[in-house]
Every structure is written in structure tokens, then in C-alpha cells.
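Biologist: I'd love a close look at one part of this protein, with enough of the surroundings to see how that part fits in. Could you walk me through it?

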Amino acid sequence: MKGVVIFLADGFEDMEALATRDILIRGGIPVQTVSIQDDYTVESSHGVTVFADTSWSDFEAEEDGTSSEDVMIFPGGMPGSKNLAEHKELMDLMKEHYAAGGTVAAICAAPGLVVSQLDGLEGLRFTCFEGFQDPLLAKGAVYTPESTVTDGRLITGQGAGHAVNFGLAILRSLKGEASAEKVKAGLML
């Protein structure tokens, strides 16, 4: 899958999706939001209705030439993470994307529920919301209770309070430390 895409399911965590998008936009990264439903509107875990850039039925996932600069982003929140994980076509796309060399980024419950469906996680470091680490541990990944963890083409974050750091970690992986520091300074962090 080409590009940087945030996938939204009903019940997504507001900050984890929107702060991540904001950080990437500030860093000059074009980001597309995709509702995993046929409807463009998605309701967050806190009742905020968001209008996605496209719906699942209108989403066209170009796959030729996928690289580490192509990122599938999965915000956490409940039942958002569960809804993402239960979307078979999306999970199949994620597996193909990662196998083709693309990057996967997930925060909060999403590493445990979504990323755990990937193969080839043995030895990779990750973080997530405490209590969601077991499915990744079962795959041989290594839990690291830090704000964000980047290990190869896997970027993970702990939870809503770490959403800005998560966005900065994705930006850093795409455009380097100087770009991430510039955005960080602009936010007075």
C-alpha cells in the first residue's frame, strides 16, 4: 500500500488518531484518513464524529513499489482497535503491506489486537497500553514499556498521553530527526 494512511473504526481514540495526523501534516507528510466502513463518518470513543477522507469501499490501495516510507497507522481506543482487528480485508492488506516492505504503526490497544496478526515479529521491540502485550509476546516480540518504540518497520506507542510522541516517531522515521525536532519546537515541547 502506497502513502501514509490512518485507518479509523468506530470507537477510535480521538487523540491517538487526530494528534498523530496533526503532527504528520505539520511535518509536511500527506496523510489520508480511511473509514473502514462504507460510510465516510466515524465516531470516536468519546462521541466525536469525524469525516474521513475516504471510505473503505472508495479506498484504492496501490501496492506496487511499497517501501518503508509507506505507513499504515492504527489508532487505539476501544472498541476501535477491536473493530480494526476484526476487519478481515484490512488485516489481509496489512499483512501484504508489511510483507512487501511497508511500515506499520499502532498505538494503545492496537499493537496487541491488530499488529499481533502479523508474522515475523520475533525479537522485535514494541510498546502498547498495559494489558494488551500478551498477543505480541506470544509471537516472540519483546515488550518495552516506553512512550514509543521504533524497531525496523514497526512503530508503536503506549496510549493517548503519548500520541504526540507517537506522531513524532512516525515523522522521524519518514523525514529524520531534524524534521521531528522542528515540529516539536513549533509545538513548544
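In which loop is Thr-144 found? Please start there and then follow the chain onward into the sheet.

Modeller: Happy to, and please keep in mind that this is a predicted model. Thr-144 sits in the loop that links strand 9 (142-143) to strand 10. Its relative accessible area is 12%, so Thr-144 counts as buried, the limit being under 20%. Leaving out residues up to four places away in sequence, Thr-144 touches Arg-125, Phe-126, Thr-127 and Val-149.

From that loop we come to strand 10 (148-151), which stands at an edge of the sheet. The sheet is open and mixed in its pairing, with 7 strands in the order 5-2-1-6-7-11-10. Strand 10 and, at the other edge, strand 5 (54-55) each have a single partner strand, so one side of each has no neighbour in the sheet.

The partner of strand 10 is strand 11 (residues 154-157); the two run antiparallel and are joined by 4 bridges. Two of the bridge pairs are easy to find on screen: Thr-150 is partnered by Ile-155, and Asp-151 by Leu-154. The hairpin of these strands has 2 residues between them, and there Gly-152 adopts a positive phi near 65°.

Now for strand 11 itself. In a regular strand, side chains alternate between the two faces of the sheet. Here Leu-154 and Thr-156 point one way, while Ile-155 and Gly-157 point the other, and all four are buried. On its way into the sheet, strand 11 also pairs with strand 7, this time in the parallel sense, again over 4 bridges. Within that pairing, Ile-107 stands opposite Gly-157.

Helices cover these strands too. Helix 3 lies across strand 1, strand 6, strand 7 and strand 11, and runs at about 140° to strand 6. Helix 6 (residues 163-175) also packs on the sheet, where it touches strand 1, strand 6, strand 7, strand 10 and strand 11; its direction makes about 165° with that of strand 11.

That brings us to the nonpolar cores. In soluble globular proteins, nonpolar side chains tend to be buried together. The largest core in this model has 30 residues, and Phe-7, Phe-74 and Leu-90 have the most contacts inside it. Two or more of its residues come from each of strand 1 (4-8), strand 6 (71-74), helix 2 (80-85), helix 3 (88-99) and strand 7 (103-107). Helix 3 gives the largest share, 5 residues. Looking beyond four places in sequence, Phe-7 has contacts that include Val-34, Trp-56, Phe-74, Leu-84, Leu-90 and Leu-93. A second, separate core holds 25 residues, among them Phe-12, Val-50, Ile-155 and Phe-166. Ile-155 therefore belongs to that second core as well as being the bridge partner of Thr-150.

Stepping back, the protein has 7 helices and 11 strands, and 50% of its 189 residues count as buried. Among contacts with a separation of 6 or more, 62% join residues 24 or more positions apart. A compact globule of 189 residues would have a radius of gyration near 16 Å, and the 15 Å found here agrees with that. The C-alpha trace spans about 40 × 35 × 35 Å along its principal axes.

Definitions and conventions. Residues are numbered from 1 along each chain as its sequence is written. This is a predicted model: local features need pLDDT of at least 70, side-chain atom pairs count only at pLDDT 80 or more; totals for chains, interfaces and linings use all residues. Side-chain values use heavy atoms; hydrogens and water are left out. A nonpolar core is a set of buried Ala, Val, Leu, Ile, Met, Phe, Trp, Tyr and Cys residues joined through side-chain atoms within 4.5 Å. Buried means under 20% relative accessible area, exposed over 50%, partly exposed in between (1.4 Å probe, protein chains only). Contact means heavy atoms within 4.5 Å. Two strands pair if DSSP finds at least two bridges between them. Axes are lines fitted to C-alpha atoms, for helices over the stretch in contact, and angles run from 0 to 180 degrees between N-to-C directions. The radius of gyration is taken over C-alpha atoms; the globule rule is 2.2 Å times the number of residues to the power 0.38.
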